[in-house]
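Here are my notes on this one, as numbered points. Have the viewer open while you read.

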Amino acid sequence: MKEFYDLGDFSPEEIEALVTLAGRLQRYPEPRALEGKVLSLLFLSPSLRTLASFQAAMVRLGGGSFVISPDMSIHGLETRPGIVMDGTAAEHIREAVPVIAAYGDAMGIRAFAEGKSLDKEIADTEFNALRKLVNTPLINMESAIGHPCQSLADWKTLDDLQVPKQGGRFVLSWAYHPRALPLAVPSSTLQMAAMRGMDVTVLRPEGFELPPAIMDRATQAAAASGGSVRETDERAEALEGAHIIYAKSWASTRHYGDKLKDTELRRPLADWCVDDPWFETTDQDCRFMHCLPVRRGVVVSDQVLDGPRSVVIQEAQNRMYAQMAVLHALLGKRGL
Amino acid sequence: MKEFYDLGDFSPEEIEALVTLAGRLQRYPEPRALEGKVLSLLFLSPSLRTLASFQAAMVRLGGGSFVISPDMSIHGLETRPGIVMDGTAAEHIREAVPVIAAYGDAMGIRAFAEGKSLDKEIADTEFNALRKLVNTPLINMESAIGHPCQSLADWKTLDDLQVPKQGGRFVLSWAYHPRALPLAVPSSTLQMAAMRGMDVTVLRPEGFELPPAIMDRATQAAAASGGSVRETDERAEALEGAHIIYAKSWASTRHYGDKLKDTELRRPLADWCVDDPWFETTDQDCRFMHCLPVRRGVVVSDQVLDGPRSVVIQEAQNRMYAQMAVLHALLGKRGL
Amino acid sequence: MKEFYDLGDFSPEEIEALVTLAGRLQRYPEPRALEGKVLSLLFLSPSLRTLASFQAAMVRLGGGSFVISPDMSIHGLETRPGIVMDGTAAEHIREAVPVIAAYGDAMGIRAFAEGKSLDKEIADTEFNALRKLVNTPLINMESAIGHPCQSLADWKTLDDLQVPKQGGRFVLSWAYHPRALPLAVPSSTLQMAAMRGMDVTVLRPEGFELPPAIMDRATQAAAASGGSVRETDERAEALEGAHIIYAKSWASTRHYGDKLKDTELRRPLADWCVDDPWFETTDQDCRFMHCLPVRRGVVVSDQVLDGPRSVVIQEAQNRMYAQMAVLHALLGKRGL
């Protein structure tokens, strides 16, 4: 394994192998597997779970990491190509990224969406520009359009909970949020559930459709795995028999990059807050999932989040085990 | 051992065992004792010694740690229960704390006093609310009312210096400082010296009495250990024969939370700065102790701090060894 | 080895031994050489390469490190001696530095030049004041007048590239930059190339002469190693037959500390930007070197920096291997 950029780069069998490895490392620690190995961590956007879980993962495998973020340690980072650097920025990403990569055996990069052009996000333009500057194994710690570490962890969480693959009903539901958020998590989550062979419903209001490129890719993955993918704005019908409600807010795709129109469209949608009534017709063991951070009382009610259906802490903990598997596969002696 | 929250949760014998273990780890390093183990460090208040010494402690035992603080890595942390999070904070402490805990085998939390309600500080309300969110072994890295890591280190420093237990005279002296500081260090220091069986004098101006709950607890500990506890504002008499002058400033307890009245009360007290004359009637080997950071020329004179009586650097270094003992007891194979 | 403060403290043979050790650690990792060992890292000035490469170096040798910088973790650090600390600073460097040192087996300190007095920089006054406070082995991570880690890495890079020692032509060229930068890198680079036995030309405009004390020391080192040192402002003549163009900007030494006059002097010098024509009469394999960060289109053209002559990423990577050698020599069982 040379890179962990997108779940769709792997077969479902390869993902299963990573999830199995994650479970094995959880039960049988290997505190010397990566001794002397270094993970370079570059955060161009803020983080809590990713920051903590990757550092913890490397320690558990006997290696270590270092963290670079613009706020902490860089004088000002220029990203524009061909620029004459006579302003405040003292360093260009074209030097900074290869240098940071040169100190590690693998590198993780986080770089959020700009939120301006939908085409640019779907092409993952910024992340791919950074990717070209790295010679070591690279891990996508969340880009404009993907968050594969979250999705690998969520796959494991679904396995841990014995949620059915074939016939399992997975509802990815849009939720209200005061800001227009990126498509990375909904996009990766949809792909994950489809690859897992589940019947996936994307529940979202009009104007928040997931882009056709994302939907088509998931539909193909579902076809190959014996699952299905559909999109609807009919909440009652979508939730019937659901095994999972996975809540996430995202920007309006109809008005992508247009803050005013996005705000106008989402203003009347505050009732898209997952609450007890959402579970009235679901499977009785239906679980609530979210990638965190989550806004209480906005995306989900306190009752649901604090109740027995919520598995958000398990999901977060599985980030660490999933990433240990990725690191083991990228850097371990046996590879995967 | 499941938690290291307060010295008072342990018997003097248990504390002695930790101090002995600290000394053993200082002399005979165990660089694989905690291999693959992770300590989660959450700093809700700033730190230097604690930040550095816990990271160093884990490395020396073969494990590692990660640090999360609001400034570095969290988008804005909401603490109020039942709130609708439609403002700037993107994450609630109810998720953040269990998630951070989930990545570690043990967790350290620092959360300073609010400085408003004395009752709330004494009940350690904020720390105890966080404590309920953590399932792993927890270490108090300084809360509103306690700093047990400092006190464990100070106990070791006293032992290293062979300061007598029975009959040892320990003066905890209030000192001038421009700001109203928390009660955590004076409270823990008093308890430590009392548990160690020393004759403890709290020397402080009128209006800066330690709260009865703190004094009573220490008095009981002293009774059990063969020591004594008293409070006075008579400096000359307090210092006579002292083996230790432990300086620390704290807020006025008479006007707790009232900044104006506290300032008024402390304004004429600038002569509460430990200086050479303070040692005229002490034991000739009397040492100066302080938990650091310390304001030179305000809390203590340069002469005393730079002179042979001062053991402040040893105290700080013993933080690391004391914490190694705590971590070894919490996470090591043999436990304590 | 007790300290790594300046290349000039070592003989060329001792430097060669460190470079050889660096190469060995690069090829044959020793992931347990420093197990349980801690490196304290104090950054009083910002950093990327040094911050990352020292952390990575310690992990690769099986130890670890912690980082303290005023922005991250210190309440405000007082440096003035004899001051009454009744302002905002809560801690004095006289306590902070020994405490940070006390948690490590070795300590690295970075403290940039003030840019005011040339005599003070040459005497390295600030760093030497800090040095007196440290009892453990100390590493200069860049002081006002020296950057020996960079120079040790550059020596290795020159060896890796098989650049000749005797007869090798090394041009240290001043380059344009909007700000007046410290003398640390030019000073250490000059000393390094001279000690390596190369024929060194310092190419710089009038008013940017390197201080006589720096030139004299390098001249003596060159004499001992069979090399030579000279200074000129004649670019064409300087570059003829060069094996290395090492670009670096620095402050005007004629107007040191006078920002207005420095700006006036450098304003017409924007053509001191290393570009393809600079290589017309050099050795055909002539390489471009720079310590980074570098301003594109200001210090060097994109064509040169992105072209095959540039070895800046190798230089940065060799920082890690060079520092591993230093750490191994300071802290390893066998020493050097």
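1. Copies A and B don't use a shared patch: just 3% of the interface residues of chain A are also interface residues in chain B, so the copies meet through different surfaces. Contact here means C-beta atoms, placed from the backbone, within 7 Å.

2. Keep in mind that this is a predicted model, where local features need pLDDT of at least 70, side-chain atom pairs count only at pLDDT 80 or more, and totals for chains, interfaces and linings use all residues. Residues are numbered from 1 along each chain as its sequence is written, while chains are lettered from A and ligands numbered from 1 in the order in which they are written.

3. On symmetry, a turn of 120 degrees with a shift of 0.0 Å along the axis lays chain A on chain B at an RMSD of 0.0 Å. The two copies are thus related as by a three-fold rotation axis. The fit is least squares on C-alpha atoms of residues with pLDDT of at least 70 in both.

4. Between chains A and C, 26 residues of A are in contact with 29 of C. β3 (64-68), β5 (91-92) and α4 (93-102) of chain A each give two or more residues to the A side, and α4(A) gives the most, with 6 residues. Helices (H or I, at least four residues) and strands (E, at least two) are DSSP runs, numbered from the N terminus.

5. Now A:Leu327: leaving aside neighbours within four places in sequence, its contacts are A:Leu34, A:Leu39, A:Ala57, A:Met58, A:Leu61 and A:Ala106.

How values were computed:
Two residues are in contact if their C-beta atoms, placed from the backbone, lie within 7 Å.
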